[in-house]
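Trainee: Please choose one part of this model and go through it closely for me, with the cut-offs behind each term as you use it.

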Amino acid sequence: MQINGATRLFGILGHPVTHSLSPAMHNAALENMGINGVYVPMDVTDLEAGVAGLRALGFVGLSVTIPHKEDIMRHLDEIDPVARRIGAVNTLHFRQHPDSGERILRGFNTDWLGSNLALAEAMSLPDSRVLVLGAGGAAKGVCFGLVEAGARVFVSNRSHERGQALADWLGCEFVPSDAISEIKAHALVNTTSVGMEPDVNGIPVDPALLPRFSVVMDIVYAPLETRLLREARAAGCVVVDGLAMLLNQAAVQLKIWTGAKPPLLVMRQALVSALRG
Ligand code: ATR
């Protein structure tokens, strides 16, 4: 791609961002879409100065990652109502006010849509029953999406208090870890970090329970085939790997920024190559 005076600027704000797979995925997409644009990683700690800089430099769209998804909300002109309900923003878009010409910065959340789109590749969500493991930031987006899609959600988490708080927020059921075997659900989604490198032998649920689920999704993507997914596949489940949510939430971001349909296959290939280093 030729960078020139018309190149549009995109990027990711996080701390740290060195290992982010998003630049590889988004740059592959921009190139394939024929968009004269570049997506760069930006390690930012001072969000106020960071946002002022992006505004002054004419950036178009940004991803926001750990640890800024909540704090960024204080620095925006507008927040999408769904992102406000979730309490986290992972996508920024600058647009020009049609009258004043002023640049307006709006925040969105695409994580919950990414999770829904990933799971919907394997099953129908309305009226399904889904057991979600974990109650952190990622679980919030996953559970919110499932409830929006009309699924019945069960939340299980190591710390009872955090799990109960998430379940209460969405009006779903909390399931203590020792009662998971009593839950009948179509799908299991792992949002905890269990099984992530370097502890690749970790598994967030008793493998003996896996044959009960038709679909198992893991949001851990390093390794791409976690022990959970390996055991689930062996148990006959349809598996959805950790790149699916990352990919689909990014596709929604690109749609917001460009209005065009993103090339999912190209983006997935870029993610897999970036993961392999
Ligand atoms: P994220 O924003 O990526 O979801 P997080 O907010 O730190 O990260 O949440 C991590 C989740 O993984 C939590 O649900 C955490 O459980 P606790 O709330 O009990 O801390 C879960 N988790 C992390 N390590 C775990 C482990 N070894 N066993 C079980 N759950 C674990």
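Mentor: Helices (H or I, at least four residues) and strands (E, at least two) are DSSP runs, numbered from the N terminus. The model is predicted, with local features needing pLDDT of at least 70 and side-chain atom pairs pLDDT 80 or more, while totals for chains, interfaces and linings use all residues. Residues are numbered from 1 along each chain as its sequence is written, and side-chain values use heavy atoms, without hydrogens or water.

The part I choose is an open sheet of six strands, which follow one another in the order β9-β8-β7-β10-β11-β12 with parallel pairing (two strands pair if DSSP finds at least two bridges between them). At its edges stand β9 (173–174) and β12 (238–240), and each has a single partner strand, so one side of each lacks a neighbour in the sheet. For β9, strand β8 (residues 152–156) pairs with it in the parallel sense over two bridges, and within this pairing F154 faces E173 of β9.

Towards the β12 edge, helix α7 (residues 227–234) lies across β10 (187–190), β11 (215–218) and β12, where contact means heavy atoms within 4.5 Å. Helix α7 runs at about 165 degrees to β11, an angle taken between N-to-C directions on a scale from 0 to 180 degrees, with axes fitted to C-alpha atoms, for helices over the stretch in contact.

Elsewhere, helix α1 (residues 22–32) packs with helix α8 (residues 242–258) at an angle of about 45 degrees, their axes being 11 Å apart. M25, H26, A29 and L30 of α1 make this contact with L246, L247, A250, Q253, L254 and W257 of α8.
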